[in-house]
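Subject: Structure handover

Hello,

Here is the structure I promised to pass on. Please open it first, then read my notes below.

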Amino acid sequence: MRTRSLALGVVVVLGVIALIPPARGEQRIADHDFIGADRCRTCHVEAYRVWERSAHARAFQSLSARDQKDPRCQSCHTMVPADLGAGLLGVQCESCHGAGRYYSVEWVMRDDELRAQVAFDPGGVKACVRCHTDSSPSLSPFVVEDKLRLIQHWPDRPAKAKP
Ligand code: HEC
Ligand code: HEC
Ligand code: HEC
Ligand code: HEC
């Protein structure tokens with residue numbers, strides 16, 4: 001009887017500890033599911049090369065030093081505002097394809113159904129219009145077909161992505 005209530009006590013204490021949220025401002029790379037473009041590059045060399053030269057890759061650098069600290073600008077110009085020192089700057093692969101911690105393992109990547117269950121997004125226009133809104137400073141309207149062509153990092157074929 002004694003041991004049982006002792007065990008119960010331990011369980012309760014552990015439960016309470018698990019419920020305590022981490023202190024604000026302490027978010028580290030391990031606390032979210034983004035792994036960064038360098039990791040995607042290990043298997044997607046070509047896609048990485050195209051992306052690396054794109055405006056998306058430079059989206060954080062093109063802000064002034066002051067604006068880089070402004071949460072209003074960070075939301076679209078970098079992938080993980082809480083983690084500015086960890087190779088997650090700019091608009092990276094996972095800004096469009098979903099946080100990669102769980103799907104980036106090869107056997108998951110090869111399994112359409114499984115990867116869809118762990119945040120993988122094959123890429124599509126739904127991702128674009130989260131940031132390319134009416135208020136973003138563009139000289140031309142966001143015509144999806146044209147803009148997709150400008151970021152093409154996949155082999156030529158009819159576009160899968162439909163609005
Ligand atoms: C360990 C190797 C590996 C890593 C790391 C990896 N992938 Fe993949 N990925 C693959 C393989 C293999 C396929 C091909 C699956 C197939 O053809 O069925 C794939 C397919 C894809 C596809 C195409 C899916 C489709 O339906 O055509 C996208 C998009 C993708 N990966 C994005 C990423 C992103 C973003 C990352 C980084 C977060 C990443 N991958 C990391 C191996 C990897
Ligand atoms: C809703 C998403 C969003 C927010 C928030 C946002 N931007 Fe942008 N920004 C964009 C997009 C999308 C583009 C690219 C537009 C295009 O060229 O089609 C862009 C482009 C820019 C460019 C031009 C980059 C270049 O090299 O041509 C600058 C500079 C810029 N933004 C600054 C800012 C600043 C400063 C803030 C904060 C006050 C901010 N942005 C907030 C989405 C956003
Ligand atoms: C701005 C959004 C965006 C970014 C950033 C982005 N992708 Fe994509 N990606 C897409 C879209 C959209 C498609 C699908 C286009 C289509 O099929 O019409 C795609 C397709 C792919 C494919 C499929 C290729 C195939 O053979 O079907 C791979 C692999 C891929 N992306 C990997 C990456 C990697 C790796 C990165 C980073 C280095 C990256 N993507 C960055 C939007 C993005
Ligand atoms: C996380 C926010 C975000 C997402 C998602 C996003 N973009 Fe962007 N995009 C930006 C920002 C910010 C810039 C400006 C980068 C700079 O120059 O500083 C930009 C620039 C561009 C540019 C270069 C400017 C131009 O008009 O020629 C193209 C093309 C583009 N995006 C296409 C796309 C497409 C297509 C998608 C969806 C598949 C997409 N973007 C998704 C934020 C985003």
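Which residues are the closest to ligand 4? They are His 56, Ser 62, Cys 128, Cys 131 and His 132, out of 16 residues that surround the ligand. One caution before you go on: this is a predicted model.

**Ligand 4**

Start with the metal. His 56 and His 132 coordinate the iron atom of ligand 4, each through NE2, at 2.0 Å. The site is octahedral, with angles of 83 to 179° among six donor atoms. His 56 belongs to the loop between α3 and α4 (65–68), and His 132 to the loop between α9 and α10, so the two histidines tie together parts that are 76 residues apart in sequence.

Both histidines also have a polar side-chain atom close to a nitrogen atom of the ligand. For His 56 the distance is 2.7 Å. For His 132 it is 2.8 Å. Lys 147 adds a contact of another kind: an N or O atom of its side chain is 2.7 Å from an oxygen atom of ligand 4.

Ligand 4 sits in the second largest pocket. Two or more residues of its shell come from each of α5 (71–77), α9 (125–131) and α10 (144–150). By class, that shell holds eleven nonpolar residues, four polar ones and one charged.

**Ligand 3**

Next, ligand 3. It has 22 residues around it. Cys 93, Cys 96, His 97, His 153 and Arg 157 come nearest.

What are the protein donors of the iron atom of ligand 3? They are His 97 and His 153, both through NE2, and they lie 2.0 Å from the iron. Six donor atoms surround this iron atom and subtend angles of 88 to 180°, which makes the arrangement octahedral. His 97 lies in helix α6, while His 153 lies in the segment after α10, so this pair links parts that are 56 residues apart in sequence.

The side chains of these histidines reach the ligand's nitrogen atoms too. A polar side-chain atom of His 97 is 2.8 Å from a nitrogen atom of ligand 3. His 153 has a polar side-chain atom 2.8 Å from a nitrogen atom of ligand 3 as well.

Where does ligand 3 sit? It occupies the largest pocket. Helices α3 (45–52) and α6 (93–97) each give its shell at least two residues. The shell has 13 nonpolar residues, seven polar and two charged.

**Ligand 1**

Last, ligand 1. It is surrounded by 17 residues, and the closest are Cys 40, Cys 43, His 44, Met 109 and Arg 115.

Here the iron atom is coordinated by a histidine and a methionine: His 44 through NE2 and Met 109 through SD, at 2.0 to 2.1 Å. The site is octahedral, and the angles among its six donor atoms run from 82 to 179°. His 44 is in the loop between α2 and α3 and Met 109 is in helix α7, so the pair ties together parts that are 65 residues apart in sequence.

Two polar side chains deserve a look. An N or O atom in the side chain of His 44 is 2.8 Å from a nitrogen atom of ligand 1. An N or O atom in the side chain of Arg 115 is 2.8 Å from an oxygen atom of the ligand.

Ligand 1 sits in the largest pocket. Its shell takes two or more residues from each of α2 (37–41), α6 and α7 (106–109). Which element gives the largest share of that shell? It is α6, with three residues. By class, the shell divides into seven nonpolar, four polar and six charged residues.

**To take away**

The iron sites of ligand 1, ligand 3 and ligand 4 are octahedral. The protein donors are His 97 and His 153 for ligand 3, and His 56 and His 132 for ligand 4. For ligand 1 they are His 44 and Met 109.

Best wishes

Notes:
Residues numbered from 1 in each chain as written. Chains lettered and ligands numbered in written order. Predicted model: local features only at pLDDT ≥ 70, side-chain atom pairs only at ≥ 80, totals over all residues. Heavy atoms only, no water. Near = heavy atom within 4 Å. Polar contact = N/O pair within 3.5 Å; in protein donor to acceptor, adjacent residues only side chain to side chain. 1 Å grid on protein atoms, 1.4 Å probe; cavity = no way out; pocket = protein on both sides within 12 Å on 5 of 7 lines; lining within 4 Å. Sits in = over half its atoms within 2 Å of the grid points. Helix = DSSP H or I, 4+ residues; strand = E, 2+ residues; numbered from the N terminus. Nonpolar A, V, L, I, M, F, W, Y, C, P; charged D, E, K, R; others polar. Donors = N, O, S within 2.8 Å, 3.2 Å for Na, K, Ca; no water. Tetrahedral: all angles 85-135°; square planar, octahedral: opposite > 155°, others 65-115°.
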